[in-house]
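Here are my notes for you on the inside of this one, with the cavities first and the nonpolar cores after that. Keep the 3D view open while you read.

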Amino acid sequence: MTIQESKYAIEAHGMSVFYGAFRAVKGVTLGIEKNRITALIGPSGCGKSTVLRSFNRMNDLIAGARTEGEVLYRGQNLYAPDVDAVQVRRNIGMVFQKPNPFPKSIYDNIAYGPRINGWRGSKSELDELVERALRDAALWDEVKDDLKKSGLAISGGQQQRLCIARALAVEPEVILMDEPCSALDPISTLKIEELMFELRQNYTICIVTHNMQQASRASDYTAFFLMDRQDRAGQLIEYGSTDQIFQSPRDNRTEQYISGRFG
Amino acid sequence: MIPSSSTGRLPQGREVNANVARRQRYGKAWEYLLLTSTLLGLVVLVLLIFNIVNDAFGAIATQSSVEVESLTGGRDLEELSQAELIAILEAELRSRVLRNLEREQPLVEREQANLIDLINTEIVKPEIVAIYPLNRFLFERSAIEAQLAAEFPRAELSFKSWLSGNFITNPMSSDPLKAGVRTAILGSLWLLSLTILIAFPLGIGAAIYLEEYKNEKPFDERSSLGKRANALITRAAGLIETNIYNLSGVPSIIYGILGLAIFVRALETITSGSIFGGSDTTANGRTILSAALTMTLLILPVVIISSQEAIRAVPSSLRQASYGLGATKWQTIWNIVLPNAMPGILTGTILAVSRAIGETAPLIVIGASTFIVTDPEGLFSKFTVLPIQIYNWTSRPQEEFRAIAAAAIMVLLTILVTLNATAIILRNYLRSKRVG
Amino acid sequence: MTDQVTVSSATQPRRAISAKIVQLQRRPRIGETIIQVVLFFCGFVSIFTTIGIVYVLFQESLSFFADPEVSLSEFFTKTVWQPQIGEFGILPLVNATLLTSFIAMLVALPLGIGMAIYLSEYASLRLRSTLKPIIELLAGIPTVVYGYFALTFVTPALRDLFGRDTVSIYNNLSAGLVVGILITPMIATLSEDALSAVPSSLRQASFGLGATRWETAIHIVVPAALSGIIAAAIIAMSRAVGETMVVALAAGASPNFTWNPFQPAETMTGHIARISGGDLSYGSIDYRSIFAIGLVLFFVTLILNIASRQIVRRFREVYE
Ligand SMILES: Nc1ncnc2c1ncn2[C@@H]1O[C@H](COP(=O)(O)OP(=O)(O)OP(=O)(O)O)[C@@H](O)[C@H]1O
Ligand SMILES: [Mg+2]
């Protein structure tokens, strides 16, 4: 690789996303730093999910969705014509708002990714991989006795950790999380936050959250989005270290939002 | 809705109670009327089944041209020795008939059972003089017997189940007592399996395309040619969808006409198997293969529509999860979408197939045989199926044929019930196997 | 999984991510492309079917009308269909089809809609779950069985009722009644779908004003579902027009221009079935005539289907 190592895992440059004729997000320029947790915050409908999905081309699955501008990953534009969305998602994984385990056993849920990605190795090696993923997702101790159990037959918080484990099993570099805790109770939420902190050593994480406390306690950087009054397109208002955003926001719209005055 | 009186006020006080009570009574009356119409469906079902059972079982009155007792001096045929049986045959049969029998196999070499058979068919010749449905046999026994005694004094009344082991294993015959549905059952099973084999992959394939690939743009959007090609494909997909809905409403007999013109005639060299070398040349393309292809086209819209519904019911969050892990489209479809949609697909498909197994009209048109005695052997055999036999027998005026038609209906309904039960069991099994 | 694996891999150093070679370039997935093409053609079979039907019907009809014995105008105006003497007027066949379908609708509309209203507005959950399978069972019985029922049960009953001299052995009334029974489940299930799709907030609003169950059903729910019910009726009508086995068995085997339901008269479908059931020689005028009749049948049912679909579409738009 000749491209010099950047400190960002993902960089968006002047990115706009359209749903049909409607521009949902405009002119976003943002870097997601490696081995850090970046939180995207903002009022509902401002395009956080849209931005997140455009980082691993999940928007391709929506008919009529289109992205303009550049999203760089390892120096390559994800939206260059010769880039393959499947390859992208292989490297940039995703965890969704609602836990969505497959209706398979816990084991098969995790083995699914390695299998479809052409896992080469013995059964016991796959077992090891599954265990490692479950341990990394802090779920191992709770499910190790019954890996044959349905992925749907565990609690919501466990399901979400299962989904995280599932994403880890394909060894992505970046993990995108769209409100991963919004369907969970406070204890489960806390567990996932601790988990993210652990994962930070090895992964880059970008998380969308509506929970200000979560953003402030669990992220390193924060990006604040807001919908433009005129054309209703979301835009990036302010980006900085989480401490800076929450303690001395530069934009007064950011301050209003984090202090709960609108949104 | 609330009646207003001429002075323009709502009912007051006592009036309210009366008004409400009256409206409630009115509503109740309608409720019973509606219930009646619903129960009428039940009544029809009961009548239909009663009618069939009543005809498939009953009684026959047989009369022999010669009484067995007069031949044997009061003993049963089974009690007689071989020599005595031969003596009876030699005494009663004309010499020419005897000579023919001897030529086939000398009488002395024949088994006892065979000799008894010969006496029954050649000398005793029992003949049905009257048949009665089950209800008359059970409840009007004495009237029947009186009538018989007057008209056919020598006739014997006995219970008859037209549905019997022999009926199922015998091939077609022009004698209703000997006729069976073996050929038709085999024909139906051949047709059924072949239709499933063709329609299942085709139908699911089309459904997958319409649900998962319709919006895909396979060609490069940047070149104008690719753009045009993509637009064309999108248009085609839309066309396919409306077309399928319209096809599902085309009467089945039209499919028969299509099958006759295309599969039986135009593609005769293929469907008769002559292109592949030797085959049953008398079939002329009126083969199992032609029938299965016609049936495939007939049930395809139903298979596609129900498979589409099943595929659509798979939550998109599962697809997203799979894509998020770097799965390709086909990997997602094969590993996630299809397994989850399969119970629904199977139910819909089996329902469609059970429609095919009861279909008659298109098979009449493409020329299913009404009278064959040889079992179907392969794709290029002539064939008959149960509904065709039922149609054929029902359309004959003799009551015996009506009776075996009823028996054949019972066989057909049994197959249908089995098929549907299989569908339900299979669906439940697949649902339970998919943990969760 | 084994429990022996005790080393926590989470604490082991993972292979450095930056060392991973990342290849994002699209590589050709031949398999995926082939699959997509194959699936597309699976769908395209339906287009071929339609083209086949239209082509075959037109092609053979053209040669039918090209025959000097046949004239297009007489085909649609003459009331005699007797191929032996060269008379090809389709009206008697159309007439019988209309008569049986009309009788069928007379039976099926009140019955089917009555069932639908009862099931969606009155029946308890338990009653509903027993009645619906019965209706579906009725829908699943092969039509040839209904034909048998018509000929061996309904016709004798009618003859006992109205006299053997008035009612012939083959007659349109028996066929029509049984076709009516046959399409009732269709009307019932489709209408029930339409009725159940009416939002329950409408019902609650009506109950809240003191309406009875019946008043709510008839003034609120049925009007709201009316287009769905009409669509169901039209599609059932199309089914009645195209129904073959019942009329082939019970309605009679000779074209007969009559409106008397006690008389035998052959329908379009019945005629096609009878003619092609015999030993047809390809290219004969009889053979071609079934295509001309088929063409008429095809267009009638197609128009009914399109009309029904159009109505359903409108109906959907109202609710979204
Ligand atoms: N599939 C879609 N098709 C069309 N428009 C969409 C689609 N998804 C989102 N939008 C629109 O794009 C805009 C941004 O949506 P997005 O889901 O990104 O918001 P969000 O910030 O994630 O909101 P929330 O916090 O409620 O999840 C909204 O106006 C939404 O209506
Ligand atoms: Mg969102």
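1. Start with the empty space: the largest cavity holds about 60 Å³. Bear in mind that you're looking at a predicted model. In total, the structure has four cavities of 30 Å³ or more.

2. So who sits around that largest cavity? Its lining draws on two chains: Gly41(B) and Val44(B) on one side of the list, then Leu111(C), Met115(C), Leu138(C), Ile181(C), Thr184(C) and Pro185(C). Try picking them out in the viewer.

3. Now for the elements behind those residues. Two or more lining residues each come from helix H1 (14–56) of chain B, and from helix H3 (91–122) and helix H6 (172–196) of chain C. H6(C) contributes the most, with three residues.

4. What about the chemistry of the lining of the largest cavity? Six of its residues are nonpolar, two are polar and none is charged.

5. On to the packing. The largest nonpolar core has 257 residues, and the members touching the most others are Phe55(A), Leu134(A), Leu363(B) and Trp393(B). Helix H18 of chain B (residues 399–433) supplies the largest share of this core, 15 residues.

6. Trp393(B) is worth a click. Not counting neighbours within four places in sequence, Trp393(B) is in contact with Phe167(B), Met172(B), Ala179(B), Gly180(B) and Val181(B), and also with Phe401(B), Arg402(B), Ile404(B), Ala405(B) and Ala408(B).

7. Don't skip the second core, which is separate and has 20 residues. Among them are Ala123(C), Leu131(C), Trp214(C) and Ile229(C).

Methods
Residues numbered from 1 in each chain as written. Chains lettered and ligands numbered in written order. Predicted model: local features only at pLDDT ≥ 70, side-chain atom pairs only at ≥ 80, totals over all residues. Heavy atoms only, no water. 1 Å grid on protein atoms, 1.4 Å probe; cavity = no way out; pocket = protein on both sides within 12 Å on 5 of 7 lines; lining within 4 Å. Points joined across faces, edges and corners; volume = space filled by probe spheres on them. Helix = DSSP H or I, 4+ residues; strand = E, 2+ residues; numbered from the N terminus. Nonpolar A, V, L, I, M, F, W, Y, C, P; charged D, E, K, R; others polar. Core = buried A, V, L, I, M, F, W, Y, C linked by side-chain atoms within 4.5 Å. Buried < 20%, exposed > 50% of the residue type's maximum accessible area, 1.4 Å probe, protein only. Contact = heavy atoms within 4.5 Å.
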